[in-house]
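Here is a note on the model you asked me to look over, set out as numbered points. Please read each point with the structure open beside it.

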Amino acid sequence: MKLILKSFAVFTLAISLTNCGEKKETDAYGNPVQEKSEVAAEPTVDPLLAKGQELFEGKGTCTACHKADTKVIGPAIKDIAKIYKEKGASIASFINEESKAIVDPSQYETMKANFVITKAMTAEERKALEVYMMSFE
Ligand code: HEC
């Protein structure tokens, strides 16, 4: 009996020694642990961007005339963003009737009708619309 216990002890010792030799990263349950660096960092979303999209598609009614990359009634958002970036102009100012049309002045009257909505917005809402439109490329 003593011999059996002894050999069992030796056996257990041997197993624990071999286990120590392995360098597998496991959690308390023995599941492999992922390297920290592999976990992607949370992308930081500009809160104005989400608000801008909501306004653009919602109470701004902008989607009725502006689509991402095709001209409908108004120019494509991508085209507007491109020109505004090139000229360093501000969409927030334009929709508050503080600056002139630089994309398609011949159709300005159609756009102007929508200023009833945008001028009633807060400056932050107009800025959110700008951030949203400028995010297109
Ligand atoms: C009834 C259709 C219509 C609606 C609704 C509309 N637009 Fe427009 N938009 C136009 C037309 C047409 C143009 C081209 C004329 C122009 O460039 O001013 C235009 C042009 C623009 C331009 C470029 C202005 C420039 O410098 O030439 C911006 C920026 C713009 N729209 C933003 C908006 C935003 C933001 C909204 C929603 C709050 C909106 N539009 C809603 C028709 C519309």
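1. Where does Thr26 lie? In this predicted model, Thr26 is placed in the loop that joins α1 (2-21) to α2. With a relative accessible area of 40%, Thr26 counts as partly exposed, because that class runs between the 20% limit for buried and the 50% limit for exposed. If residues up to four places away in sequence are set aside, Thr26 touches Asn31, Pro32 and Val33.

2. Next, the overall fold. The protein chain has seven helices and zero strands, so that, read from the N terminus, the order of its elements is α-α-α-α-α-α-α. Of its 137 residues, 23% count as buried. Among the contacts in the protein chain with a separation of 6 or more, 50% are made by residues that stand 24 or more positions apart.

3. On the cysteines, the structure holds zero disulfides. A disulfide is a covalent bond between the sulfur atoms of two cysteines. As to their surroundings, Cys62 has a relative accessibility of 10% and counts as buried, whereas Cys65 has a relative accessible area of 25% and is partly exposed, because this value is not under the 20% that buried requires.

4. His66 deserves a paragraph of its own. This residue is found in the loop between α2 (47-57) and α3 (77-87), and His66 counts as buried because its relative accessibility of 10% is under the 20% limit. A polar atom of the His66 side chain lies 2.8 Å from the backbone oxygen of Pro75. Leaving out residues up to four places away in sequence, the residues that His66 touches are Phe56, Gly74, Pro75, Ile77, Ile80 and Met111.

5. His66 also appears in the account of the largest pocket, which holds about 470 Å³ of space. Of the 26 residues that line this pocket, His66, Pro75, Ile80, Phe94 and Met111 lie nearest its centre. The elements that give two or more residues to the lining are α3, α4 (91-94), α5 (108-112) and α7 (123-134), and α5 gives the most, with three residues. Sorted by class, the lining has 18 nonpolar, seven polar and one charged residues. Rolling a probe the size of a water molecule over the atoms shows where empty space is left.

6. Two residues call for a look at their backbone angles. Most residues other than glycine have a negative phi. Thr61, although it is not a glycine, has a positive phi of about 55°; Thr61 lies in the loop between α2 and α3 and is partly exposed, with a relative accessible area of 37%. Glu97, a residue other than glycine, likewise has a positive phi, near 55°; Glu97 is found in the loop between α4 and α5 and, at 36% relative accessibility, counts as partly exposed.

7. Is Glu130 buried or exposed? Glu130, which has its place in helix α7, counts as buried because its relative accessibility of 11% is under 20%. Not counting residues up to four places away in sequence, Glu130 touches Ser90, Ile91 and Ala92. Although Glu130 and Leu49 are 81 residues apart in sequence, their C-alpha atoms are 8.6 Å apart in space.

8. Which residues does Thr118 touch, not counting those up to four places away in sequence? They are Ile95, Arg126 and Leu129. Thr118 itself lies in helix α6 (residues 115-119), and with a relative accessibility of 2% Thr118 counts as buried, because this value falls under the 20% limit.

9. To draw the points on accessibility together, Cys62, His66, Glu130 and Thr118 count as buried, while Thr26, Cys65, Thr61 and Glu97 are partly exposed. For a second look at the model, I would turn again to His66, which touches Pro75, Ile80 and Met111 among others and is one of the residues nearest the centre of the largest pocket.

Terms used. Residues numbered from 1 in each chain as written. Predicted model: local features only at pLDDT ≥ 70, side-chain atom pairs only at ≥ 80, totals over all residues. Heavy atoms only, no water. Disulfide = S-S within 2.5 Å. Buried < 20%, exposed > 50% of the residue type's maximum accessible area, 1.4 Å probe, protein only. Helix = DSSP H or I, 4+ residues; strand = E, 2+ residues; numbered from the N terminus. Polar contact = N/O pair within 3.5 Å; in protein donor to acceptor, adjacent residues only side chain to side chain. Contact = heavy atoms within 4.5 Å. 1 Å grid on protein atoms, 1.4 Å probe; cavity = no way out; pocket = protein on both sides within 12 Å on 5 of 7 lines; lining within 4 Å. Points joined across faces, edges and corners; volume = space filled by probe spheres on them. Nonpolar A, V, L, I, M, F, W, Y, C, P; charged D, E, K, R; others polar.
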